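Subject: Structure handover

Hello,

Here is the structure you were waiting for. My notes follow below it.

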Amino acid sequence: MLARLIAYVRGLAGRHRIAAEVDDELQFHVEMETVANVDKGMSPAEARQMALRDFGGVTQTKEVVRDLRRGWPDAVQQDVRYALRRLGRDPWFVGTTILILAVGIGACTAMFSIVQAVLLRPFGVDAPDRLVMVWTRSTQHSAVGELSYKTYRDLRARTRSFDDVAILGSVNWSGTMSIGAGEPFRVPCSAVSATFFDVLGARPLHGRTFRPQDDERSAPRVLILSHALWTQHFGGDPKVIGRSVIVREEAPAEPFEIVGVMPAEFFFPRGAQYWTPAGPRLSRMAQRARGPMDDVFNRLNVFYGLGRLAPDSTISSAAAETNVFLNQIAEELKIDRATTDIVLTPIVDHIFGRARLALLALLGAVFVMLLVACVNVAGLLFARGASRMREMAVRAALGAGRYVLMRQLMAESALVALAAMIVGVGIAALTLDTLVALSPADIPRLDATALDRPVLLFAIAIAVATTLLVGLAPAAHLSRPSLADELKGAASGVAHSSVRARTRRGLIAAQLAATLVLVVAAGLCMNSFARLARLDLGFDPGNVLTFHINRFETRYPSRSQRHDAIEQLLSRFERLPHVAAAGAVFQRPFEHGPIGVDSSFLLEGQVESPESRARNPMLNSESVTSGYFRSMGIRLVRGRNVDARDTENSPRVVIVSEAMAARVWPGEDPIGKRLRTSEVVDGGGRPAPLQTVVGVVATARYREIESPRFDLYVPLRQAESDVQHVTVRTTIDPLLVAPAIAAELASFDKALSADGVTTMDEIVRRTRGPWRFNMLVFSLFGAVALALAAVGLFALVAYEVMQRSREIGLRMALGATRGSVVRLMIVQGAKPAAVGLAIGLLASLLTARVLSGLLFEITPTDPATFTGVLVLLGAVALLASYVPARRAASVDPQEALRDS
Amino acid sequence: MPKTDLLQGTLDLLVLKILALGPNHGWGISNRIRQISREGLQASQGSLYPALHRLEIRGDVESEMTASENNRRARLYTLTPKGRRRLAAETTTWERFALSIHRILHAE
């Protein structure tokens with residue numbers, strides 16, 4: 001074996017040299033023989049003729065020896081040439097198989113390029129599998145809770161499971177940045193501990209990351225720029241390090257020194273454009289609130305925790321230790337240990353969230369579709385193999401070994417797969433942009449999707465796998481040594497190889513099984529999306545224009561100025577034509593996903609205790625103007641709306657949602673009940689004032705679309721937080737009214753402008769994006785697979801009819817009706833179809849659980865969906881069997897018998 | 001003299017033996033088979049050259065191109081130690097085989 005390999009490799013180095021040597025060797029022989037003949041007394045001419053005759057076929061021998069001595073690139077080249085010639089004789093067939101495989105390979109490549117860009121690429125962090133997010137979670141409500149600055153310090157000091165711990169603030173904190181004399185612009189930021197970048201193992205592109213002294217309460221302000229911010233607003237200039245930039249956060253604007261720039265692939269937390277140490281920012285917040293500094297540091301639970309596991313820790317051991325730690329500080333933090341835990345999540349799950357599951361599920365689905373395509377093509381090759389049996393037998397008889405025959409057949413498969421890969425990559429290139437455009441917006445890093453090297457390598461690997469999968473079985477079957485005997489023995493038509501028939505039926509069953517799995521997934525996604533679309537959101541998103549007003553805080557620095565301004569602005573909007581109502585709210589629905597303002601509360605007469613903490617859920621706090629509910633179409637169920645009498649000096653009132661009332665005062669009338677919400681930045685030690693419930697509105701969905709929270713609405717003038725979003729209900733298409741709104745805004749105050757103008761319809765549509773995307777893609781794959789399987793089944797039954805036409809003729813001559821032979825042929829298709837569907841059903845039941853994270857209000861084994869899919873596929877299979885089976889009825893018995 | 005087509009196995013054996021007498025090229029081997037068998041055997045060149053190549057692949061002989069008497073290059077084959085061992089083994093096998101046949105043919 002090795003010797004053969006060496007000979008081949010030696011042959012690599014010069015086909016021509018080999019040919020010349022063999023030539024020389026044999027010519028030498030002939031000439032020596034000629035000389036010997038001359039010595040025997042013949043004339044030179046005679047001598048040469050005699051020598052040649054004695055040799056017996058110089059040219060043939062030359063060919064044989066040259067072939068033997070030749071290296072494998074030559075053999076491959078000849079195989080390829082022969083394969084090309086062979087394939088060229090069946091252009092339609094070859095074209096069809098290339099197209100089918102190209103669709104499969106192209107879809108896989110496109111899907112993989114997305115997965116590569118989003119999930120697989122490194123994101124500038126060391127060993128992400130050792131990083132965990134640290135949350136508190138209450139069993140009362142599914143939301144996770146954040147940590148305070150003090151908890152972070154305690155965690156860092158008192159636990160051993162982590163190499164180090166950091167915190168990061170959520171991205172809805174922002175700062176308004178002015179560069180030089182330029183326009184100020186709002187920039188989302190994350191307030192982080194000094195340890196943040198070190199824990200992640202992230203290194204800056206320029207400059208440095210934070211040092212411990214940057215996190216001191218009175219440290220000079222510093223920040224680190226994101227790559228995007230740096231290229232967009234600072235011209236990508238490395239000399240920006242050390243420069244100063246004016247940023248306004250809570251307090252009056254102050255200069256920040258730029259100490260670093262992060263590289264492009266770093267994007268944690270998602271959406272942050274700059275990072276700044278949390279300590280100084282918190283101390284500014286405390287100053288503004290004019291309350292004790294400690295309150296802010298100890299009780300403001302707004303940070304996500306992040307830890308790097310120590311080398312000898314696991315997630316579970318770290319979780320156990322942190323829960324022990326929680327026991328120690330529970331009293332201090334006023335946490336009810338019976339219902340609150342610390343939970344650790346691997347960082348990858350947090351960053352990608354549901355997108356990861358969706359992408360991996362889709363990648364799995366596209367592989368299944370490719371499988372169907374391959375099995376389909378294998379079936380086609382098998383069928384066509386019948387017509388090549390004679391050719392193969394002859395070549396085997398002429399001396400081609402089994403290995404040689406298989407090699408040549410695989411060369412054909414390889415060429416087809418190569419062509420399919422090229423076409424497939426082309427398809428992927430063309431459709432990739434569309435696919436990315438249709439993708440839900442919440443998938444990070446999607447914009448980096450490209451057909452780069454890893455993707456192309458993947459395409460090649462797929463093509464190789466396809467070659468093997470598609471070509472191996474038919475090649476092995478066609479090159480089998482017993483072929484010649486079978487051909488000799490078989491009479492035409494009646495006895496066809498049972499192995500081939502069984503294989504073809506098995507291939508059909510496999511296709512249908514895989515198709516069923518895909519179509520079930522598609523059906524579940526369709527069902528989910530339909531339920532989501534029918535969902536009562538609690539508000540009416542139609543005809544609502546919404547936007548944020550730029551530079552509002554800059555123009556109106558004091559709270560009362562802002563309140564006056566917004567109320568005036570809203571009444572001016574309401575006077576415009578086509579405007580039904582105008583209002584404003586702190587955070588409109590679905591703006592930041594789960595991020596928002598959570599308030600805890602105490603009922604009148606309750607004191608803070610474990611019972612109160614257990615009984616009272618966290619509330620979603622919103623500050624609103626009087627026009628808000630009308631503008632959003634939120635129904636007022638009981639009591640009254642907020643209105644002009646609710647000012648800073650009037651008694652504190654709130655409006656609650658139906659769900660909140662039902663949870664907190666089940667069976668009672670909530671009007672008149674009183675509570676106090678504890679917002680920490682409330683000013684010094686006094687208990688918060690009691691608020692009276694004056695109205696109940698319908699439950700609307702604010703944070704996640706899948707589940708409502710318990711909403712508490714506070715009149716603007718009595719609220720801590722300002723309103724951020726304006727909502728305007730129009731009587732015609734909102735975008736047509738937008739220019740009038742913009743004009744009114746400008747005429748009110750030309751320094752203001754509307755930002756992010758969109759409609760609630762668009763926002764809702766975007767929020768439903770992930771479910772819609774999954775539905776579309778799974779349906780597409782399912783449809784393609786179904787089409788392939790149906791065509792394969794059709795071909796199988798058509799073939800059976802053709803093969804067995806003699807038998808059919810016999811039956812009809814013996815008295816069978818046309819109907820019964822048609823039914824006989826239908827059964828030929830129905831049997832493998834039924835087997836396939838049964839296997840597919842089983843496979844689906846087992847694997848559908850994978851999808852449960854992607855579904856909405858439906859279980860992965862939803863009986864209605866499964867029934868529907870089975871009926872659909874069954875019908876398709878019957879149809880695909882019936883159409884060709886009808887031809888059986890038109891068989892003329894006499895002709896068929898004569899043809900034997 | 002009729003050409004007796006030798007089976008591939010026996011041709012290999014004869015070639016090895018000829019080469020045991022000294023390195024040679026294809027023509028020389030073919031000649032010697034004729035000579036030594038006193039014209040009883042003649043290897044067809046269509047079998048001889050492929051056989052030589054197969055022996056080389058198996059490592060029983062090695063070869064190289066050399067300059068020669070006329071201005072054609074010739075490939076000179078030499079027996080290897082492995083080939084020598086194979087020759088000894090196959091000779092024994094063949095002689096036993098021939099003896100058995102002889103006994104049967106001359107049985108009473």
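Surface first. Chain A has an accessible surface of about 40200 Å², and 59% of that belongs to carbon and sulfur atoms. Areas come from the Shrake-Rupley method with a 1.4 Å probe; for residues, only the protein chains shown count as cover.

Conventions, briefly. This is a predicted model, so local features need pLDDT of at least 70, side-chain atom pairs count only at pLDDT 80 or more, and totals for chains, interfaces and linings use all residues. Residues are numbered from 1 along each chain as its sequence is written, chains are lettered from A and ligands numbered from 1 in the order in which they are written, and side-chain values use heavy atoms, with hydrogens and water left out.

**Confidence**

The model scores ipTM 0.86 and pTM 0.76. Chain A has a mean pLDDT of 85, with 93% of its residues at 70 or more. (pLDDT is the predictor's confidence in each residue, from 0 to 100.) Among the elements of chain A, helix α1 (residues 2–12) has the lowest mean, 66, and helix α23 (residues 628–632) the highest, 95. Two stretches of chain A need care. Residues 491–495 have pLDDT below 50 and make four contacts beyond near neighbours in sequence. Residues 679–684 are also below 50, with 13 such contacts. A contact means heavy atoms within 4.5 Å. Where pLDDT is low, the predicted coordinates should not be read in detail.

Chain B averages 84, and 89% of its residues score at least 70. Among its elements, helix α3 (residues 45–58) has the lowest mean pLDDT, 84, and helix α4 (residues 81–105) the highest, 91.

**Overall build of chain A**

Chain A has 31 helices and 23 strands. These are DSSP runs, numbered from the N terminus: helices are H or I with at least four residues, strands are E with at least two. The radius of gyration of chain A is 38 Å, well over the 29 Å that the globule rule gives for 900 residues, so chain A is more spread out than a compact globule. (The radius is taken over C-alpha atoms; the rule is 2.2 Å times the number of residues to the power 0.38.) Along its principal axes, the C-alpha trace spans about 135 × 75 × 60 Å.

Of the 900 residues of chain A, 51% count as buried. Buried means under 20% relative accessible area, exposed over 50%, partly exposed in between (1.4 Å probe, protein chains only). Among contacts in chain A with a separation of 6 or more, 81% join residues 24 or more positions apart.

Charges: chain A carries 99 positive and 86 negative side chains, and the centres of the two sets lie 5 Å apart. Lys and Arg count as positive, Asp and Glu as negative; His and the chain ends are not counted. Each charge is placed at NZ of Lys, CZ of Arg, CG of Asp or CD of Glu.

**Backbone points to check**

- The peptide bond from F268(A) to P269(A) is cis, with omega near -15 degrees. P269(A) lies in the loop between β9 (254–261) and β10 (274–277).
- A127(A) is not a glycine, yet its phi is positive, near 40 degrees. A127(A) sits in the loop between α6 (91–120) and β1 (131–138), and is partly exposed at 38%.
- H578(A), also not a glycine, has a positive phi of about 70 degrees. H578(A) is in the loop between α21 (559–574) and β14 (579–585), partly exposed at 42%.
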